[in-house]
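Colleague: Here's the model I'd like to go through with you. Could you give me a close look at one part of it, with enough context to place that part in the whole?

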Amino acid sequence: MVIASGCAPPIPPRPAVSTNLPFSEGQPRCRSVVASTLADSISVSQPRDQVKALRGVRESSGAFVVVSDDAILRGMRALASHLGLFAEPAAAATFAGLRQGLSDGVISEDEEVVLVVTGHGLKDIAAARRAAEGNPPIPVSADPGDAERLVRLVEDGWNRFDTRR
């Protein structure tokens, strides 16, 4: 389960593991925090149903993975540039969580992982602009050759896609 760092309850970190939330310390509930993240769809001060979240993670042998806003922005860029998916921040948090989980060893490289990316980037234009900073637009004319070139760029990105970048 991915949680934005601006919403994660503060507790002492545990080395090399992202499951550093009160749930993993055996506490029945987490403390409220002042939520602050660009991923407003997942920005909560206290989870609405903590008990079910904890049960779901435990029963699936899952983990809580905490990601920063910068990681979410990098996820938005990667999903767009490599897969052609225009995701809003909360949706891109799943990809940021995959990267963090791989980095922390919570997810192994041989595991099969499904990312649910349902929120469209048009939900949050300001975040999309932040994610796109420094990336020049790709001009495409009405010429069918230009459209084919763009499709090849996206397909090439798909073929070279690497979750570790």
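Among contacts in the chain between residues at least 6 apart in sequence, what percentage join residues at least 24 apart? And then the part I'm really after: which residues does helix H2 use to meet helices H3 and H4?

Modeller: Sure. One thing up front: this is a predicted model. On your opening question, 63% of the contacts between residues at least 6 apart in sequence join residues at least 24 apart.

For context, the chain has five helices and two strands, and from the N terminus they come in the order β-α-β-α-α-α-α. There are 165 residues, and 35% of them count as buried. The chain exposes about 10,000 Å², with carbon and sulfur atoms supplying 54% of that area.

Now to H2, which covers residues 69-83. Its length checks out: 15 residues at 1.5 Å each should span 21 Å, and the end C-alpha atoms sit 20 Å apart, so the two agree. The buried residues of H2 are Ala 71, Ile 72, Leu 73, Gly 75, Met 76, Ala 78, Leu 79, His 82 and Leu 83. Right after the helix comes Gly 84, with a positive phi near 75°.

Start with the H3 side. H3 takes in residues 89-104, and its axis is 7 Å from that of H2, at an angle of about 95°. The two helices are therefore roughly perpendicular, given that this label applies from 65 to 115 degrees. From H2, the contact draws on Ala 71, Ile 72, Arg 74, Gly 75, Met 76, Ala 78 and Leu 79; from H3, on Pro 89, Ala 92, Ala 93, Phe 95, Ala 96 and Arg 99. Sort the residues of this contact by type and you get 10 nonpolar, one polar and two charged.

H3 itself is mostly covered, with 14 of its 16 residues buried. From first C-alpha to last, H3 reaches 21 Å, close to the expected 22 Å. Like H2, it is followed by a glycine with positive phi: Gly 84 after H2, and Gly 105, near 80°, after H3.

H3 has other partners too. Thr 94 belongs to this helix. Setting aside neighbours within four places in sequence, Thr 94 is in contact with Val 2, Leu 115, Val 116 and Val 117. Val 117 is 23 residues from Thr 94 in sequence, yet their C-alpha atoms are 7.1 Å apart.

Then there's H4, residues 125-132, whose axis lies 9 Å from that of H2 at about 80°. By the same 65 to 115 degree range, H2 is roughly perpendicular to H4 as well. Here Leu 73, Met 76 and Arg 77 of H2 meet Ala 127, Ala 128, Arg 130 and Ala 131 of H4. That contact splits into five nonpolar, no polar and two charged residues. Met 76 is worth a click: it appears in the contact with H3 and again in the contact with H4.

A loop residue also reaches H2. Ala 39 lies in the loop between strand S1 (2-4) and helix H1 (50-59). Ala 39 is buried, its relative accessible area being 0%. Beyond its neighbours within four places in sequence, Ala 39 is in contact with Ile 72, Pro 89 and Ala 90. Ile 72 and Pro 89 are both part of the H2 and H3 contact. As for Ala 90, it comes 51 residues away from Ala 39 along the chain, but the C-alpha atoms are separated by 4.8 Å.

Last stop, Leu 83, which is in H2. Its relative accessible area is 18%, so Leu 83 counts as buried, the cut-off being under 20%. Leu 153 is 70 residues from Leu 83 along the chain, with 10.0 Å between the C-alpha atoms.

How values were computed
Residues numbered from 1 in each chain as written. Predicted model: local features only at pLDDT ≥ 70, side-chain atom pairs only at ≥ 80, totals over all residues. Heavy atoms only, no water. Axes fitted to C-alpha atoms, helices over the stretch in contact; angles between N-to-C directions. Helix = DSSP H or I, 4+ residues; strand = E, 2+ residues; numbered from the N terminus. Parallel < 35°, antiparallel > 145°, perpendicular 65-115°, else oblique. Contact = heavy atoms within 4.5 Å. Nonpolar A, V, L, I, M, F, W, Y, C, P; charged D, E, K, R; others polar. Buried < 20%, exposed > 50% of the residue type's maximum accessible area, 1.4 Å probe, protein only. Areas by Shrake-Rupley, 256 points an atom, 1.4 Å probe, with all protein chains shown as cover. Expected span 1.5 Å × (residues − 1).
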